[in-house]
Amino acid sequence: LRDNRIELVRASWHELSISVSDVSLSDEGQYTCSLFTMPVKTSKAFLTVLGVPEKPQITGFTSPVMEGERMQLTCKTSGSKPAADIRWFKNDKEVKDVKYLKEEDANRKTFTVSSTLDFLADRSDDGAVVSCRVDHESLNSTPQIAMQVLEIHYTPLVKIISSNSWPEEGQSIILTCESKGKPVPEPVLWTKDGGELPDPERMVVNGRVLSISFLNKTDNGTYRCEAKNPIGRNSTEYVLIVHDVFNTLLPTTVIPSLTTATVTTTVALTTSTTTSATAISTRDPNALAGQTGPDHALIGGIVAVVVFVTLCSIILLGRYLARHKGTYLTNEAKGAEDAPDADTAIINAEGSQVNAEEKKEYFI
């Protein structure tokens, strides 16, 4: 061996040791140790030199990438012997669906290995760390890693958050428009029913927040929040319905009032319609308190009472007429058949003429 990198470490009649520094691939081969005796004795050993892979590099990334575009990232390393293994990770989670390619170098001893990661850019990938890891037995369990931080541009994502889930008249409400996009969206635009906000004094816009004070029914409508950036624009809507304040009291006040009015009218009212209406209004002063519109249940109750009183009156009148129906004869009628005048008729009637024709009178 004639090489300056080879040194004699120990030499004796029993042992001969050498060392090789700055090992290269050319040092690989069969080494022979000879003992010059008669005959000569030899011993052989084959030395295998591992090719250490170069530090990997990631290519194919252009910044920024628009959402929905296809990305192809390639990781390549050369000089490995045997061929190195390449693995892809996204935020420390391994990606399995990749392409692997192995090529032999010009020296026909080492290999160049490449792997391609192919995927569609998504907004969830913005800021993600994509890493390419090279594993090889020459690295002593310390893999070589190349990393790339993704930058994805996408249109704004818009959402409206309300501070009041049940707005009522006289209250206030705050609508917050959350917009997230890359690049950062411009200030949002608020509209109502497709036009500008109708009451700037009560409807105040501060950045992304819309505040409406002293709500009333005219504030009902569809409020739209629109955000845009150089990539595009997006919007969302919120339907505002302002509720009446008294609606929350109806279950506890109206139903008991109608029940009380019905009991009073069916027990006491039998004389006239006017008395019935008066009894309803005096017996239940709290009925329908605070209600501004007509109460159909109360109107129906009054009509029922009027019909009931009318029927009772008809029945009583019929019974009265039936009891006073009959035949009535005056003294003149009893003796008037042969009498020339009234006095004679009375005298004849006193004689109790049995055969006198009876005259009937009816009371109508």
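**Exercise 1. How many helices and strands does the protein chain have?**

Solution. The model is predicted. Step one: count the elements. The protein chain has five helices and 20 strands. Step two: check burial. Of its 364 residues, 28% count as buried. Step three: look at the surface. About 24500 Å² is exposed, with carbon and sulfur atoms supplying 55% of it.

**Exercise 2. Find the largest nonpolar core and the elements that build it.**

Solution. Step one: take the size. This core has 20 residues. Step two: rank by contacts inside the core. Met71, Leu73, Trp88 and Leu150 have the most. Step three: assign elements. Strand 7 (70-80), strand 8 (85-90), strand 11 (111-120) and strand 12 (129-135) each give two or more residues to this core. Step four: look for another core. A second, separate one has 18 residues, including Leu210, Leu215, Cys225 and Tyr238.

**Exercise 3. Which residues does Leu150 touch, beyond those up to four places away in sequence?**

Solution. Step one: list the partners with hydrophobic names. Among them are Phe61, Met71, Leu73, Phe119, Ala128 and Val130. Step two: add the rest of the list. Leu150 also touches Asp125, Asp126 and Gly127.

**Exercise 4. Describe the lining of the largest pocket and of the second largest pocket.**

Solution. Step one: the largest pocket has a volume of about 390 Å³. Leu1, Leu16, Ile18, Thr32 and Cys33 are the closest to its centre, out of 14 lining residues. Step two: strand 3 gives the most to this lining, with five residues. Step three: sort by class. The lining has eight nonpolar, five polar and one charged residues. Step four: the second largest pocket has a volume of about 250 Å³. Its lining has five nonpolar, five polar and two charged residues.

How values were computed. Residues are numbered from 1 along each chain as its sequence is written. This is a predicted model: local features need pLDDT of at least 70, side-chain atom pairs count only at pLDDT 80 or more; totals for chains, interfaces and linings use all residues. Side-chain values use heavy atoms; hydrogens and water are left out. A nonpolar core is a set of buried Ala, Val, Leu, Ile, Met, Phe, Trp, Tyr and Cys residues joined through side-chain atoms within 4.5 Å. Buried means under 20% relative accessible area, exposed over 50%, partly exposed in between (1.4 Å probe, protein chains only). Helices (H or I, at least four residues) and strands (E, at least two) are DSSP runs, numbered from the N terminus. Contact means heavy atoms within 4.5 Å. Accessible areas come from the Shrake-Rupley method with a 1.4 Å probe; for residues, only the protein chains shown count as cover. On a 1 Å grid over the protein atoms alone, a cavity is a set of points where a 1.4 Å probe fits but cannot get out, and a pocket is an open set with protein on both sides within 12 Å along at least five of seven lines; lining residues have an atom within 4 Å of a point. Grid points are joined across faces, edges and corners, and a volume is the space filled by probe spheres set on the points. Ala, Val, Leu, Ile, Met, Phe, Trp, Tyr, Cys and Pro count as nonpolar, Asp, Glu, Lys and Arg as charged, and the others, Gly among them, as polar.
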